[in-house]
Amino acid sequence: EAGMTTNPWTLSLYTIYKDPTDYPGHHVVREHKINDRLDVEISRLAYVCSTLEQARKAVPAGCLRLGRMPEDDPCIVEVWV
């Protein structure tokens, strides 16, 4: 529609993995950014932790746990938004 402006947005999701192939024996937190075009960017930064509790502490305060979906990769423990 003429005169409408769009406000681009980005949503950050934090995925906790258990025993991923690049860090076997650890829990890993990675940020995924999704923009208004539904493009997904996975951060190269990974928080490598010994326990699930440590990994949860790496997730920014105020995030809500979504859990996991049945179709998720088996190494995904939970996702936070």
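**Exercise 1. Is glutamate 78 buried or exposed, and which residue does its side chain meet in a salt bridge?**

*Solution.* Keep in mind that you're looking at a predicted model.

Step 1: Check the accessibility. Glutamate 78 has a relative accessibility of 3%. Buried means under 20%, so glutamate 78 counts as buried.

Step 2: Find the partner. The side chain of glutamate 78 meets that of arginine 65 in a salt bridge, at 3.4 Å from N to O.

Step 3: Place the two residues. Glutamate 78 sits in strand 5 (residues 76-80) and arginine 65 in strand 4, so this pair ties together parts that are 13 residues apart in sequence.

Step 4: Look at the rest of the strand. Strand 5 is mostly covered, with 4 of its 5 residues buried.

**Exercise 2. Work out which strands pair with strand 5, and how many bridges join them.**

*Solution.* Step 1: Start with strand 4. It runs antiparallel to strand 5, and 2 bridges join them. Pick out glycine 67: its bridge partner in strand 5 is valine 79.

Step 2: Now try strand 1. Here 4 bridges make the link to strand 5, and this pair is antiparallel too. To spot it in the structure, find tyrosine 14, which stands opposite tryptophan 80 in strand 5.

**Exercise 3. What is the order of the strands in the open sheet, and which strands stand at the edges?**

*Solution.* Step 1: Walk across the sheet. Its 5 strands come in the order 3-2-1-5-4, with antiparallel pairing.

Step 2: Look at the ends of that list. Strand 3 (40-49) and strand 4 (65-67) each have a single partner strand, so one side of each is left without a neighbour in the sheet.

Step 3: Add the twist. From one strand to the next it averages 25°.

Step 4: Zoom in on strands 1 and 2. Strand 1 (residues 10-18) and strand 2 (residues 27-35) run antiparallel and are joined by 9 bridges. Threonine 15 stands opposite arginine 30 of strand 2.

**Exercise 4. Which residue shares a salt bridge with arginine 30, and how does the cover of the two compare?**

*Solution.* Step 1: Follow the side chain. Arginine 30 meets aspartate 22 in a salt bridge, 2.2 Å from N to O.

Step 2: Check both ends. Arginine 30 has a relative accessible area of 14%, so it is buried. Aspartate 22, at 42%, counts as partly exposed.

Step 3: Put this in context. The structure holds 5 salt bridges.

**Exercise 5. Describe the surroundings of aspartate 39.**

*Solution.* Step 1: Look for charge. Arginine 37 forms a salt bridge with aspartate 39, and their closest N and O atoms are 3.2 Å apart. Salt bridges with shared partners join Asp36, Arg37 and Asp39 into one network.

Step 2: Compare the cover. Arginine 37 is exposed at 60% relative accessible area, while aspartate 39 is partly exposed at 38%.

Step 3: Turn to the backbone. The nitrogen of aspartate 39 lies 3.0 Å from a polar atom of the asparagine 35 side chain. Asparagine 35 belongs to strand 2 and is buried, with a relative accessible area of 15%.

**Exercise 6. Which residues make the nonpolar surface patch of about 310 Å²?**

*Solution.* Step 1: Name them. The patch is made by Trp9, Leu11 and Leu38.

Step 2: Check one of them. Leucine 11 is in strand 1. Its relative accessible area is 34%, so leucine 11 is partly exposed.

Notes:
Residues are numbered from 1 along each chain as its sequence is written. This is a predicted model: local features need pLDDT of at least 70, side-chain atom pairs count only at pLDDT 80 or more; totals for chains, interfaces and linings use all residues. Side-chain values use heavy atoms; hydrogens and water are left out. Two strands pair if DSSP finds at least two bridges between them. Helices (H or I, at least four residues) and strands (E, at least two) are DSSP runs, numbered from the N terminus. Axes are lines fitted to C-alpha atoms, for helices over the stretch in contact, and angles run from 0 to 180 degrees between N-to-C directions. Patches are made of residues with over 30% relative accessible area and no salt bridge: like charges are joined within 9 Å, nonpolar side chains (Val, Leu, Ile, Met, Phe, Trp, Tyr) within 5 Å. Accessible areas come from the Shrake-Rupley method with a 1.4 Å probe; for residues, only the protein chains shown count as cover. A salt bridge is a side-chain nitrogen of Lys or Arg within 4 Å of a carboxyl oxygen of Asp or Glu. Buried means under 20% relative accessible area, exposed over 50%, partly exposed in between (1.4 Å probe, protein chains only). A polar contact is a pair of N or O atoms within 3.5 Å; within protein, one must be able to donate a hydrogen and the other to accept it, and residues adjacent in sequence count only if both atoms are side-chain atoms.
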